[in-house]
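Please walk through the packing of this model with the aromatic side chains as a guide, and then turn to the nonpolar cores.

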Amino acid sequence: MKSLKYSLLTILLFVNLCSCSNEKTDAEIIDTLDPSLYYEQLDIAYGQDPDQTFDLYLPANRSQNTKIIVLVHGGGWSAGDKSEMNAIKDLLRLDLPNLAIVNINYRLADDDNAPYPMQINDITNIVEHLKINKDKYTISNKLGFIGISAGAHLALLWSYAFDTKKQVSMVCSIVGPTNFTDPAYLNNTNPNLQELLDSYGSDAPITYLEEVSPYHQATNTAPPTILFYGGQDPLIPTTQGTALRDKLQSLGVAHGFTLYPEAGHGWTGLELLDTWTKLKAFINTYI
């Protein structure tokens, strides 16, 4: 099961990028936060739990109009770490160097701590931290989200149902669950899929499953959304992507959708290049 959960990481192994030589380190500028200089700070605490940390990367020559991309890792809501998103962070810094990047950890679910609303609350706390420190960091309030697997579910759900101040300009789901009332979930016979569902309470009342499903929370005010799915994914039925695509279409929400018919819970090679090309263009258009 764990190997399936983390197989998406194989799409990121091709990235091994170096920082630019003219960037200043955190230690050199931590006291000044000069907006003309690059700044990074790792493991910023936003709560008391050890998992409540995020990494911050601020571009040089930023301003109050500098937009933010928030990265949300996967792991079935009960595992994973922000370090798994470092390859995407590096791609963003290389190809979209004017964006600020926030790579987050969140509290992981276990037998005593359900993922919802705990993890949604963590995202809210991070967004509030950024707002409070907006002038210090010299950034705007505008956000974009990129999530993978369970992280994509969290990114979609927060963007659709909890962005009360309409700060989200775009959201990306890479193999993210979107609808826990999907018959492909509720009537499945796949033990690996069922294990994933059980971690989010698949035996809960239908009203709860709708509450935590981005599909059911999407409205005509949802932010532009781009979706990527694999046709042979053993954990995420294809309908998780196609149904949300169709609903966004009916609502008139700007969106993109790509299905790689032979891909599973992740992909490599030309399909990966296609994902990044489309995602980069989407970010440039909407954030």
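In this predicted model, Trp267 has a relative accessibility of 3%, and because the limit for burial is under 20%, Trp267 counts as buried. Its ring partner Tyr260 is buried as well, with a relative accessible area of 6%. The ring centres of Tyr260 and Trp267 lie 4.9 Å apart with the planes at 55°, so this pair is classed as tilted, given that stacked pairs have planes under 30 degrees apart and edge-to-face pairs over 60.

The structure holds nine aromatic pairs. One of them joins Tyr229 and Phe257, which are stacked, with 6.4 Å from centre to centre and 25° between the planes. This pair links distant parts of the chain, since Tyr229 belongs to strand S7 (residues 225-230) and Phe257 to strand S8 (residues 255-260), 28 residues apart. The two partners can be described separately in terms of exposure: Tyr229, at 1% relative accessibility, counts as buried, whereas Phe257, at 21%, counts as partly exposed. The ring of Phe257 also has the charged end of Arg245 sitting over it, 4.9 Å from the ring centre. An arrangement of this kind is found at Tyr215, where the charged end of Lys247 sits over the ring, 4.7 Å from its centre. Elsewhere, ring pairs link Trp77, Phe180 and Tyr185 into a cluster.

Strand S8 also contains Thr258, which is buried, with a relative accessible area of 9%. The side chain of Thr258 is joined to that of Lys278 by a polar contact of 3.1 Å. Leaving aside residues up to four places away in sequence, Thr258 touches Leu227, Phe228, Tyr229, Asp274 and Lys278, so that Tyr229, the ring partner of Phe257, is among the contacts of Thr258.

Which residues of the largest nonpolar core touch the most other members? Among its 48 residues, these are Phe54, Val102, Ile104, Leu130 and Phe145. Helix H6 (residues 150-162) supplies the largest share of this core, with seven residues. Phe54 illustrates how varied the surroundings of a core residue can be: when residues up to four places away in sequence are not counted, Phe54 touches nonpolar residues including Leu42, Ile44, Val102, Ile104, Ile126 and Leu130, and also Gln41, Asp43, Tyr46, Lys82, Asn103 and His129. Apart from this core lies another, of 27 residues, among them Met85, Leu99, Val175 and Leu272.

Definitions and conventions: Residues numbered from 1 in each chain as written. Predicted model: local features only at pLDDT ≥ 70, side-chain atom pairs only at ≥ 80, totals over all residues. Heavy atoms only, no water. Phe/Tyr/Trp six-rings, centres within 6.5 Å; stacked < 30°, edge-to-face > 60°. Helix = DSSP H or I, 4+ residues; strand = E, 2+ residues; numbered from the N terminus. Buried < 20%, exposed > 50% of the residue type's maximum accessible area, 1.4 Å probe, protein only. Lys NZ or Arg CZ within 6 Å of the ring centre and 35° of its normal. Core = buried A, V, L, I, M, F, W, Y, C linked by side-chain atoms within 4.5 Å. Contact = heavy atoms within 4.5 Å. Polar contact = N/O pair within 3.5 Å; in protein donor to acceptor, adjacent residues only side chain to side chain.
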